[in-house]
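Colleague: Could you take me through this model, one question at a time, and explain each term when it first comes up?

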Amino acid sequence: ASGPRGRQYIRQRPSPVRSLPRSTWPKEVKVAVMGVPKFERFFRAAAGLEVDKDDLKRYSDFVAQKICDLLIMAEPTARANDRGVILPCDLPITKGIQESIHSFRKLPEALELEPILERLAGLPQLDLLWSDDLERELPDLLGGTSLALARTLRILEPGPDSKHPTTERWERAFRIFDALL
């Protein structure tokens with residue numbers, strides 16, 4: 001579909017469903033497909049952390065939910081601006097996440113984001129459409145959120161002996177993000 005000024009928009013069917021708890025996501029959405037070696041290298045480069053395949057699932061679930069939360073919060077902004085589509089400027093991006101996005105773009109270590117982006121397509125749909133501009137920016141948003149999460153994990157236990165984040169440390173980081181994003 002075409003919008004104002006000839007912009008192209010992604011079609012999504014409207015749904016009254018806003019967000020479902022992770023435990024209710026369909027099983028095929030829960031599967032983490034990202035390669036463990038790339039995931040490990042990214043966290044090592046981003047924050048000097050050693051992570052494993054158990055952390056990959058935890059991470060994938062978390063970042064998919066955070067992006068979904070940001071999209072849900074963008075809907076009222078788009079509506080307030082009399083638009084039937086969500087643009088990048090509608091996302092409630094904090095200064096810290098914006099800085100993490102810029103830092104992510106400079107990182108030499110790539111993160112395999114396609115599996116997470118595919119998961120987003122399988123989540124309950126929003127009432128409004130996403131713009132093509134927003135879809136193009138999602139990988140950087142995912143990367144910036146991932147970088148911020150890695151750095152938060154490091155801040156929670158900064159010592160040289162705390163390279164392996166514990167389940168408790170992951171949960172504390174998730175609670176911090178839930179409170180701020």
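**Helix packing, core and cysteines**

Modeller: Let us begin with a pair of helices (helices, H or I of at least four residues, are DSSP runs numbered from the N terminus): α2 and α3 are roughly perpendicular to each other, a label that covers angles of 65 to 115 degrees. This is a predicted model, in which local features need pLDDT of at least 70 and side-chain atom pairs count only at pLDDT 80 or more, while totals for chains, interfaces and linings use all residues. Residues are numbered from 1 along each chain as its sequence is written, and side-chain values use heavy atoms, with hydrogens and water left out.

Colleague: At what angle do α2 and α3 pack?

Modeller: Axes here are lines fitted to C-alpha atoms, for helices over the stretch in contact, and angles run from 0 to 180 degrees between N-to-C directions. Contact means heavy atoms within 4.5 Å, and it is made by Val36, Phe39 and Phe43 of α2 together with Lys53, Asp55, Leu56 and Tyr59 of α3. The axes of α2 and α3 lie 10 Å apart, and the packing angle is about 80°.

Colleague: Which element gives the largest share of the largest nonpolar core?

Modeller: A nonpolar core is a set of buried Ala, Val, Leu, Ile, Met, Phe, Trp, Tyr and Cys residues joined through side-chain atoms within 4.5 Å, where buried means under 20% relative accessible area, exposed over 50% and partly exposed in between, with a 1.4 Å probe and protein chains only. The largest such core has 44 residues, of which Phe42, Phe43, Tyr59, Leu141, Leu149 and Trp170 touch the most other members. Two or more residues come from each of α2 (36-47), α3 (53-80), α4 (95-106), α6 (132-156) and α7 (167-180). The largest share, 12 residues, comes from α3.

Colleague: Is serine 100 buried or exposed?

Modeller: Serine 100 has its place in helix α4, and it touches Gly144, Leu147 and Ala148, not counting residues up to four places away in sequence. Because its relative accessibility is 8%, serine 100 counts as buried.

Colleague: How many disulfides does a search of the whole structure find?

Modeller: A disulfide is a covalent bond between the sulfur atoms of two cysteines, and the search takes it as a pair of cysteine sulfur atoms within 2.5 Å. Cysteine 68 counts as buried because its relative accessibility is 6%, whereas cysteine 89 is exposed, with a relative accessible area of 60%. Over the whole structure, the number of disulfides found is zero.

Key: Parallel < 35°, antiparallel > 145°, perpendicular 65-115°, else oblique.
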